[in-house]
Structures are given as structure tokens and as C-alpha cells.
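Hi everyone, thanks for coming. I'd like to walk you through one helix pair and then some enclosed space in today's structure.

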Amino acid sequence: MVARLPFGTAADLRRAYEDVDWSATAVGHPDSWPRALRRALELALETRFAIVICWGPDLEMLYNQAYVEMIGDKHPAALGRPVRDVFAEAWDDLAPLFAQARSGEAVWFEDMPVVMDRHGHPEETYFTFSYSPVRDDRGEIAGVMDIAAETTRQVQDHRRLELLTRLGDLASELQPPVELARKALDVLSTAPLDLPAVDLQLPGGPTTLPSPPAPLSPRQVLVEDTADGRLAWVRIPAALGGESPGVLAARLSELVPLDAAYRDFLRLTAATVGDALSAAASYEAERRRADLQEWQAQRLAGLVAVAQALPTVDTEDDVLRVLGRGASGLLGADGIVLGLLEDGALRVRGDERDPAVGALGAALRGTAVVSDDGATAWPLWVGDRVIGALGLSWRGPRDLSAEDTDLLTALAASTAQALDRVRATQAERTAAAAVRTMAETLQRSLLTSAPQPEHLETAVRYLPAAEHAQVGGDWHDAFLTAAGAACLVIGDVTGHDQDAAAAMGQVRNLLRGIGYSLEVSPAAALSALDRAMRDLGVGALATGILATVEPLEGSSTWRLRWSNAGHMPPLVVDPDGTVELLRTTPDLLLGLEAGFVRADHVHGLAPGATVLLYTDGLVERRGASLDEGLAWLAQTAGKFAGSGPEELCDGVLQLVDGHAEDDVAVLAVRVRP
């Protein structure tokens, strides 16, 4: 009996469901499950979002594979158990939320902290989730559906980045190293979730935590479990080489696993403190120099160091960090910002409140700007074009000497070259990532085989855009309904990015489930999809056609019945070569209005006739109208009269391969002669 229920395609998850003695739970034997619970479970198992359904008075848990990955060692014991028992360690926080959802009010939380024991020890986690009431077949609330996404890594990365940014700001505070170290400790003490206790062990200074038990090598994170908890030590690097100024010692959180990200955070913290200490030490040394010639030589050496460091950076933030050190040491600047020109607009990197921001726009004209309030902006030239401006500010008015001007000119030239190289490198990485993402998305969500019922021949094809960055939401689908009817789908989610591709997967799976299980017309199925997209929070718009091909009883003629949601018209190729575009007044896009009444259309098909469904990428061309594209398609398709769907799909795609500006999905079905 259990095997008939949709327990998912993953063998491990299906086995876990079958191992549960459901008769011993309040949910009961699967044969007794209400239709509402079955539908909710089918929906959960067909999506890649983590979903758990808590059913009945005790809120027994049923969930999908994505949820398994999120709860760790709690699976498979959590299946069929009350949620309060599974998450006993967090139930005081979760109980009011479940109570609110069971009262009929949906609950939404973003980045909610939860201390969870999912790997044998308490662990700091964060989740963005929505609790929604689930109603039974009588319309009464019988359970709660939780759609969740874990955001632990994002929350931790964000707070760590904030701490590193505040530490980095200390590098611009020109003060003695001892005073700067005290301020650095003040900043570090504001991060108790990652650093419950922290100490900067500098030569001759006081210490509050034990010293490292062994010598430290560069970038080493030495960790030791002690009676006071887990301690870590990292050597503080010098900004531009030389002797390390000391050691960063910290007591680590017991709720955060000591993974690579935690270790990298400790290294970055030590490096940022080192930058600040080095900048402070450099400034103090500069201030004590009385010989102008020696001071100028030091400035030149600093410029060389910055020029050597810039070619090694990978991001714009790294460029700004290197410049922050260099400008502070070389020019005594209190602030530094970058203005980058992108698509005719100015984008600021750094503190947007810095006085130098106001001078960046004028410098984009190609001439340096020096304002009266202690700020200057220098154009960044690459060849014969300006790509941005470098801005520096001081706490008071500053007269730039000839040496300062020469130094700023050299600094701007090095900065422009570094930014140009960073952009080129990032563009290459983005393109490579787009290729990988496109391949993975299409592999999992698009390229499904088409069924071959007895009296029909079906073929499907997918052609990615000529430019990898244009991967988007085109899809095709063909399947047999529960009643045995052939169901054809073509669609296109608006947008051209990874989000569009992900939304396509949701819409496609919803429509497949609706079309398979509901014995209704195409228009009614699309209306049901509109409601599902609204109720399940699928924030996307899509065009699409849902069609069925069925024989007319007592006749050799077949019937094409379809509903069009703002999509390209179907095309029919008769055996004699006649081509007809089935133009109708398209209905609204999917996801636009849940209550919209959609229309069905019918067209007779003779034996040997072929129906072609396609997305707009097949007929849209730069410099040509849509009607011209449709006319081209009709003329081309007519040449394949009498051929099979495979030949028709291959023929039209071969003519646009390498030229398509958008993804192309096609589906062809022929009534066997």
C-alpha cells in the first residue's frame, strides 16, 4: 500500500518513509491519509526547496530530501514524530510560531537564530522560513507547512565582514600602535558570537589569554581544547612584510563548527589588525623623521610597495584596501574612495559619506580636482578613456605639493591598471560560472525525454542562447496524464538569469503535477497553476501553452485542445505541406492574476499532421519584426511535411544554432499516419 504513495524518487528517502510504522502515529496508515495531505506531500517531494509538513494534533513530521540535508542526524528518526520532540532544544522559540500558523495566520521570519542539535552537539543556525496553515479535505486547518532555507553561512559571513570592515577602518586612524591596539580590542569585543574572548598579545603589552603553546608559522591557526574552552592563536602579519607585531589569541564559540570559513575568518582578522598596526607604526615613524629627503625616499618606497601589491589583488575591495594602506602612509590621507564608471553611472566603493565623494564626478571629465575642504579626486585613465576616479580626503584643508601631485598621478595610474585587470578577471570567472550554472540547470530541469504513446510521435529539443549569460527560463514538457491523455507544455519564465531558471523549475513542476492529477481542460489546469503560484509564493511571471492531443471517438481525426497564456501561437504542418499558425487572442501571463478566467481552443488534426510548440527565441531576431520571424518559421516548417517530429525539430534548430539571442525550446508531436 505504501509503495503507491509518492514518497520521492530518491531511494534513501523512499526507504525511510517505508520504514516508518505510520499506523502507530497519529497521522495513521497511508491508506487513510486525506487527499489534502497527499497533495501537500506530493508538492513537497517535487520541489528542491526544503519543506516539512507537520500534520495532525501532534504535528507529526513529513518532509522532502532538501529538508533531510538541513536537519542532519535528526533524519530518519524525525519522520512521523511530533515536531516538538524532534526540535526539543528549540521548541520554546518555535512553539508560538506553530500556534500562530495553526490559528490561520501565516508566519514569516528572515534569518531567525535557532540553536539546533543536528550533529551530536548544539550548533548556531539561522533560517529564513514561512509557516503556512494546511487545510484538510473539509477545509479545516489540520497542519502546518514550513518552507525553509538555511542562511547560517550568509549571516555569519555578513557579521564577520562587518567586523573586518570596522577593523579595517582603524588603519586610517593615525595614532600610536598602542592606542590603536586598544581600539582594535574594543572592536573585537563587539563580536562575542565568533570571539567570546579575544586578546592581542603584542611585545611588552598585557595579556588576558594564555600564550600559544608552540611557535606559530605564517597563516597557521593553532587550536587547543583547554579547561577554559577551545582556544586559537594566529600570528598577526605585517602589512608589507617584516616582523610580525604579535599574536591574536581568541576563545572560540562552542556553537560554531571550526571549519575552513571559521579559520579563514581568524586569519583575516589577524591580517586586518596587522594592517592597522602597520599603518599606525608607519605613520608614527614618518612623523618622527626630520630629514625631508629621507621622508621623500620613504614615500617612494611606499609607492613602489603599493604598485607591487596592486597587481596581485583579485577584487575591487582588495584594490581599495591596498590603496587605503598606501594613501594613509604616503599622503597621510584620512579617507580614500573609488568612483567607478559603469554604463554611464558612477558607483562609489568605500565610505559614501567621505568628503572626496563630491569631487569624483568632476574628475571623470579627465582632470584632477582639488576642493577647499581637504579632498581631491584624480581621474583613472586606461588608454584614452576614463574608467573612474580616485578620491582622497583629509580632516582639514591641504595644499598639494609638486611631489604630492606626482605621487597621486602614479598612484592613479597603478590603480587604473589594477581595476582594469580585476574587471577582466571577474568577467572571465562570471562567464565560466554562467556556463557551469547553465549546464547544471538544464541537466536537471529541462532535458526530459518525451513519452511515445501508441498513436503519437513526440520530440523535444533545447538550444541554449549563443551568449552564456542569457541562460533563462525556457522549458518544454510532455507527459501522459493519469487518464492516459498526451499532455504537451511549452513555456518561458520572464528574465534571463539563474533566478529565472530556478523559477522555471518551480512552475514546470507545479504544472506537471496539476496536469497529471487533474482531469480538467488545459484552461482549467492553467487557472489552477495561477492559484498555486499565488498560494505557494512563486514570485515569477511566465508565458506558456498547455495542450492535449486526443482522438475523436468514431473518427480518424484527432483533436488538439490548448490554452495560451501570452505565448507564441502553435503551428500545425499538415501532410500535404499546408502550414497554419493557430493564432488566438492570448490570455494573461501565468502568475499575473490568480482569478483570471482562461479560454480553451480546439483544432482538428488529420493523420500525419504535426503540431510544433516553441519559445520566442526561435523567431525573434535583432532588426526583424515578430511577424517576419513567424513567417520564416511557417515557410521553414512546411519543408518538413511528411517528416517525423525529430527531423522537424532538428531542422529548425540547425538554422538558428549559433545565432539565437535567447534560449530556444521546441516540442513537436505528430499523429501517426
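**A helix pair and the cavities**

Let's start with helices α15 and α16, whose crossing is right-handed. Please keep in mind that this is a predicted model. Helix α15 covers residues 626-638 and helix α16 covers residues 645-656; their axes are 10 Å apart and the packing angle is about 135°. Angles that are neither under 35 degrees, nor over 145, nor in the 65 to 115 range count as oblique, so α15 is oblique to α16.

Who touches whom here? On the α15 side we have Trp-632, Leu-633, Thr-636 and Ala-637, and they meet Leu-648, Val-652, Leu-655 and Val-656 of α16. By class, the residues of this contact are seven nonpolar and one polar, with no charged ones.

Now for the cavities. How many of 30 Å³ or more turn up in a search of the whole structure? There are three.

The largest has a volume of about 200 Å³. Its lining takes in 16 residues, and those nearest the centre are Tyr-67, Leu-94, Phe-127, Tyr-131 and Asp-146. Two or more lining residues come from each of α3 (65-71), α5 (91-102), β3 (107-117), β4 (122-135) and β5 (141-150). For anyone thinking about chemistry, that lining has 15 nonpolar residues, one charged and no polar.

The second largest cavity holds about 50 Å³ of space. Ala-637 and Leu-648, from our helix contact, are among its lining residues, which also include Asp-574, Phe-640 and Arg-670. This lining is divided into six nonpolar, four polar and two charged residues.

That's my tour, and I'm happy to chat!

How values were computed. Residues numbered from 1 in each chain as written. Predicted model: local features only at pLDDT ≥ 70, side-chain atom pairs only at ≥ 80, totals over all residues. Heavy atoms only, no water. Axes fitted to C-alpha atoms, helices over the stretch in contact; angles between N-to-C directions. Helix = DSSP H or I, 4+ residues; strand = E, 2+ residues; numbered from the N terminus. Left-handed = near helix turned anticlockwise from the far one by under 90°. Contact = heavy atoms within 4.5 Å. Nonpolar A, V, L, I, M, F, W, Y, C, P; charged D, E, K, R; others polar. 1 Å grid on protein atoms, 1.4 Å probe; cavity = no way out; pocket = protein on both sides within 12 Å on 5 of 7 lines; lining within 4 Å. Points joined across faces, edges and corners; volume = space filled by probe spheres on them.
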